[in-house]
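Let's take a stroll through a protein fold together. Have the sequence and the 3D view open while you read.

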Amino acid sequence: MKLKKIYEAQNPIQVWNARRIVEDHGIRGTILNEFAGGASGALSPLDAWPELWVSEFHAERARRVLHEASLEAPGHDWKCRECTEANAAPFEVCWNCGAPPASVALPSKTEP
Ligand SMILES: [Zn+2]
């Protein structure tokens, strides 16, 4: 099975969030370079961002799902009420402490 990269971010938790979003839609995501940066001294941090890969067959839908998730979310970044860390709009939980935003925008449906 061929895989395609659909997302990457410097912070692994952003990638975990993205994987959760696509898996909510029944698409299995694989994270590469999940632990890069700390363990591997050979790669520069820029070369080793965590990446979200899905099967080529699902890549287009997964990208659309991520895109729609970012549209559904509030159009601006939000601040965590637990740890006051700033989070990007599409995040479902705080990247720092895992708390949900004050008003959670749940996906309307996972299946038609
Ligand atoms: Zn937090």
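Here is a short tour of the elements, the strand pairing and the core.

Keep in mind that you're looking at a predicted model. The chain has 2 helices and 5 strands. Start at the N terminus and you'll meet them in the order β-α-β-β-α-β-β. Of the chain's 112 residues, 24% count as buried. Now take the contacts with a separation of 6 or more: 50% of them come from residues 24 or more positions apart.

Next, the strands. β3 pairs with β1 in the antiparallel sense, and β2, covering residues 29–32, also runs antiparallel to β3. The table gives the bridges for these two pairs, with one example of facing residues from each.

| Strand pair | Bridges | Residues facing each other |
|---|---|---|
| β1 and β3 | 5 bridges | Lys5 and Trp53 |
| β2 and β3 | 4 bridges | Leu32 and Glu51 |

On to the core. In soluble globular proteins, nonpolar side chains tend to be buried together. Here, the largest nonpolar core has 14 residues, and Ala18, Val22 and Leu66 are the ones touching the most other members. Four elements give two or more residues to this core: β1 (3–8), α1 (12–24), β3 (51–55) and α2 (56–72). α1 provides the largest share, with 5 residues.

Which residues does Ala18 touch, if you leave out those up to four places away in sequence? They are Tyr7, Leu52 and Leu66. Try finding Ala18 in the 3D view and picking out these three partners around it.

How values were computed:
Residues are numbered from 1 along each chain as its sequence is written. This is a predicted model: local features need pLDDT of at least 70, side-chain atom pairs count only at pLDDT 80 or more; totals for chains, interfaces and linings use all residues. A residue is buried if 20 or more other C-beta atoms lie within 10 Å of its own, exposed if 12 or fewer, and partly exposed in between; C-beta atoms are placed from the backbone. Two residues are in contact if their C-beta atoms, placed from the backbone, lie within 7 Å. A nonpolar core is a set of buried Ala, Val, Leu, Ile, Met, Phe, Trp, Tyr and Cys residues joined through C-beta atoms within 7 Å. Two strands pair if DSSP finds at least two bridges between them.
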